[in-house]
Amino acid sequence: MKYHIEEYTLFDERRIDALLDPINPVLQDWLNDDFRQFHKWYMDEFKKVITGQIENGGPSANMSIVDIGKEKTTIELLYHDEEKEDEYKTTIDTLELYELLKSWQRDLRSFKAKKNVNKRT
């Protein structure tokens with residue numbers, strides 16, 4: 001699974017989002033919202049499932065419910081039109097998603113570090 005970074009300005013602040021190639025709107029929204037805010041919590045759950053410490057992880061946050069299984073992870077956005085439920089849920093290979101999340105965390109840390117250096121100069 002691949003993504004590219006889009007930089008933008010919001011309220012006079014530089015920010016980045018991950019844009020998935022090819023697009024998966026549910027995953028993209030979750031990645032740029034709940035995962036960004038609660039990344040440590042999610043990564044702990046993924047590690048526990050992947051290493052077999054727990055069978056399933058199920059953290060929920062502001063806008064989503066996540067069911068982490070050994071093979072597949074399901075992400076469901078909470079706020080949606082019930083007639084279009086299939087547009088608000090996605091299932092992804094757990095290890096592939098975990099690798100994407102680690103990569104996205106590295107990119108976020110790098111962006112924040114560059115931003116902090118630029119503030120000092």
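A residue is counted as exposed when its relative accessible area is over 50%, as buried when that value is under 20%, and as partly exposed in between. The structure described here is a predicted model. Under this cut-off Asp12 is exposed, because its relative accessible area is 81%. Asp12 is found in the loop between β1 and β2, and its phi is positive, at about 60°, although the residue is not a glycine. Phe11 is placed in the loop between β1 (2-10) and β2. Phe11 also has a positive phi, of about 55°, and is likewise not a glycine. With a relative accessible area of 71%, Phe11 is exposed.

The protein chain contains 2 helices and 5 strands. Along the sequence these elements follow the pattern β-β-α-β-β-β-α. The C-alpha trace spans about 50 × 35 × 25 Å along its principal axes. The chain has 121 residues, of which 38% count as buried. About 7700 Å² of the protein chain is exposed, and 49% of this area is supplied by carbon and sulfur atoms. Among contacts with a separation of 6 or more, 39% are accounted for by residues 24 or more positions apart. The chain carries 19 positive and 25 negative charges, and the mean positions of the two groups are 11 Å apart.

Strand β1 includes Tyr8. The relative accessible area of Tyr8 is 25%, so this residue is partly exposed. When residues up to four places away in sequence are not counted, Tyr8 touches Glu13, Arg14, Arg15, Ile16 and Asp17. Beyond strand β2 (13-21), the loop that leads to α1 holds Pro22. The peptide bond from Asp21 to Pro22 is cis, and its omega is near -10°.

Helix α1 comprises residues 25-50, and the distance between its end C-alpha atoms is only 25 Å, whereas a straight helix of 26 residues would span 38 Å at 1.5 Å a residue. A bend of about 90° occurs in α1 at His39. His39 itself lies in this helix and is partly exposed, since its relative accessible area is 31%. The C-alpha atom of His39 is separated by 8.5 Å from that of Leu101, although the two residues are 62 residues apart along the chain. After α1 comes Gly52, with a positive phi near 85°.

Helix α2 has 27 residues and reaches 39 Å from its first C-alpha to its last, which is close to the 39 Å expected at 1.5 Å a residue. Helix α1, by comparison with a straight helix of its length, spans only 25 Å where 38 Å would be expected. The buried residues of α2 are Thr94, Leu97, Tyr98, Leu100, Leu101, Ser103, Trp104, Gln105, Leu108, Phe111 and Lys115. These buried residues pack against β1, β2, α1, β3 (64-68), β4 (72-77) and β5 (89-93).

Gln105 is a polar example from this set. Gln105 is found in helix α2, which covers residues 94-120. Its relative accessibility is 13%, under the 20% limit, and Gln105 therefore counts as buried. Leaving aside neighbours within four places in sequence, Gln105 is in contact with Phe35, His39 and Met43. One of these partners, His39, is the residue at which α1 bends by about 90°.

Glu96 is also placed in helix α2. At 36% relative accessibility, Glu96 counts as partly exposed, because this value lies between the limits of 20% and 50%. The C-alpha atoms of Glu96 and Glu6 are separated by 21 Å, and the two residues are 90 residues apart along the chain.

How values were computed:
Residues are numbered from 1 along each chain as its sequence is written. This is a predicted model: local features need pLDDT of at least 70, side-chain atom pairs count only at pLDDT 80 or more; totals for chains, interfaces and linings use all residues. Side-chain values use heavy atoms; hydrogens and water are left out. Helices (H or I, at least four residues) and strands (E, at least two) are DSSP runs, numbered from the N terminus. Buried means under 20% relative accessible area, exposed over 50%, partly exposed in between (1.4 Å probe, protein chains only). Contact means heavy atoms within 4.5 Å. Accessible areas come from the Shrake-Rupley method with a 1.4 Å probe; for residues, only the protein chains shown count as cover. Lys and Arg count as positive and Asp and Glu as negative; His and the chain ends are not counted. The place of a charge is taken as NZ of Lys, CZ of Arg, CG of Asp or CD of Glu. The expected span of a helix is 1.5 Å times one less than its number of residues. The bend at a residue is the angle between axes fitted to the seven residues ending there and the seven starting there.
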